[in-house]
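Biologist: Please show the model, and then let us go through the terms one by one.

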Amino acid sequence: MRKRRFLRFTKTGVVLTLCAALLLSGCAGKPVAEEKKSVRIGVSLYRGDDTFINNIRGELEERAKAYEQKSGIKVMLDIQDAKGSQNTQNNQVERFISLGCDVLCINPVDRMDASVMIDRAMTAGVPVVFFNRQPVEEDMNRWDQLYYVGVDAKESAVLQGNIVVSQYREDPASIDFNGDGKVSYVLLEGESSHQDSLIRTEWSIQTLKDGGVPIEKITGGIANWERSQASALMEQWLETYPGEIEPVVSNNDDMALGAIDALERAGGQRINLIGIDATTPGQEAVQAGKMLGTVSSDKGRYAQAILDLSAAKALNQPIQTDIPLENGKYYWSAQEIVKKVKQ
Ligand code: GAL
């Protein structure tokens, strides 16, 4: 009797020990989740030939290398160019998911049409960090694993406007060339569907007004962020309004550079140009005195935020506290004015 009880007791002990071992090893025979040694990030760019986006891409690649060295975790960045096609981008998202990407970084082609990509990501349980082209709020609110990294468009515009305001206050004649008491400007605008174009246009002009610059609009046009389109527009305007254009207010640097191309073709007339982005060629133009100024969105921090958010999501770690997120999902990169460094 005692022997049987002893046997029963030992059997129970063995079963309990086995259960405990199973529990410790992650239950039901599953091994404990090993620490990840690598993360796979699928990145889709709306257009790989966009200068600003290219600058961000370069920063992202550098930051990924630095992260690898610091953490010992391999970062596999699969960067694809959607070449302006939402359909191509949807297919890229599909492929990233089938390749087992841990997280997606998407610069949407059509920011109003992010729902298909969100659907796919949600079904597969893959978090998404959108950047630069902000999906509509309704889409962003569909899942708590959607993030956005970008710059505040109003802030960019106010900084841009202030470049002209301070120059005008310092030396009105350097802006109002013909001294007629009016600052006659032309406006180069980005894509009409882009959140940055409308807000930048509104607030850069409002800032000029608020700053007491007596502005008068000659004309404006949409050049879709592109240097060549802006160059063609500026060429027409120089012919139609000879000697009248004072500042050129541009929604980004590339279009300002296009206007400079047209000015150079027309004989190198001196005009004040103001951009936004502080791209590499934009900064060079400012330092060469070809542009009055531009606005820099700290591209290093911008790319770092994309990377840190992605790595945290891929590794299932909490998001670092030095990435402040508005409403738990929006990261706004800091900006500052860039002017020619006085020698
Ligand atoms: C803007 C930027 C433009 C262009 C655009 C693309 O924020 O200023 O130069 O890159 O994004 O979405």
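**The ligand and its surroundings**

Modeller: This is a predicted model. By class, the shell around the ligand has 3 nonpolar, 3 polar and 5 charged residues.

Biologist: Which residues are around the ligand?

Modeller: Tyr 46, Asp 50, Phe 52, Asn 132, Arg 133, His 194, Asp 196, Arg 200, Trp 225, Asn 252 and Asp 277 are around the ligand. A residue counts if one of its heavy atoms lies within 4 Å.

Biologist: What makes the approach of Asn 132 to the ligand a polar contact?

Modeller: An N or O atom in the side chain of Asn 132 is 2.6 Å from an oxygen atom of the ligand. The cut-off is 3.5 Å, so the pair counts as a polar contact. The distance from a polar side-chain atom to a ligand oxygen is 2.8 Å for His 194 and 2.6 Å for Asp 196, so these pairs also count. On its own the ligand has 310 Å² of accessible area, and the protein covers 99% of that.

Biologist: Where does the ligand sit?

Modeller: The ligand sits in the largest cavity, which has a volume of about 220 Å³. That cavity is lined by 26 residues, with Phe 52, Asn 132, Asp 196, Arg 200 and Asp 277 nearest its centre.

Biologist: Why is the ligand said to lie between domain 1 and domain 2?

Modeller: Domain 1 (38-150 + 299-333) and domain 2 (153-297) both give residues to the shell around the ligand, so the ligand lies between them.

Notes: Residues numbered from 1 in each chain as written. Predicted model: local features only at pLDDT ≥ 70, side-chain atom pairs only at ≥ 80, totals over all residues. Heavy atoms only, no water. Polar contact = N/O pair within 3.5 Å; in protein donor to acceptor, adjacent residues only side chain to side chain. Areas by Shrake-Rupley, 256 points an atom, 1.4 Å probe, with all protein chains shown as cover. 1 Å grid on protein atoms, 1.4 Å probe; cavity = no way out; pocket = protein on both sides within 12 Å on 5 of 7 lines; lining within 4 Å. Sits in = over half its atoms within 2 Å of the grid points. Nonpolar A, V, L, I, M, F, W, Y, C, P; charged D, E, K, R; others polar. Domains from an automatic or database assignment. Points joined across faces, edges and corners; volume = space filled by probe spheres on them.
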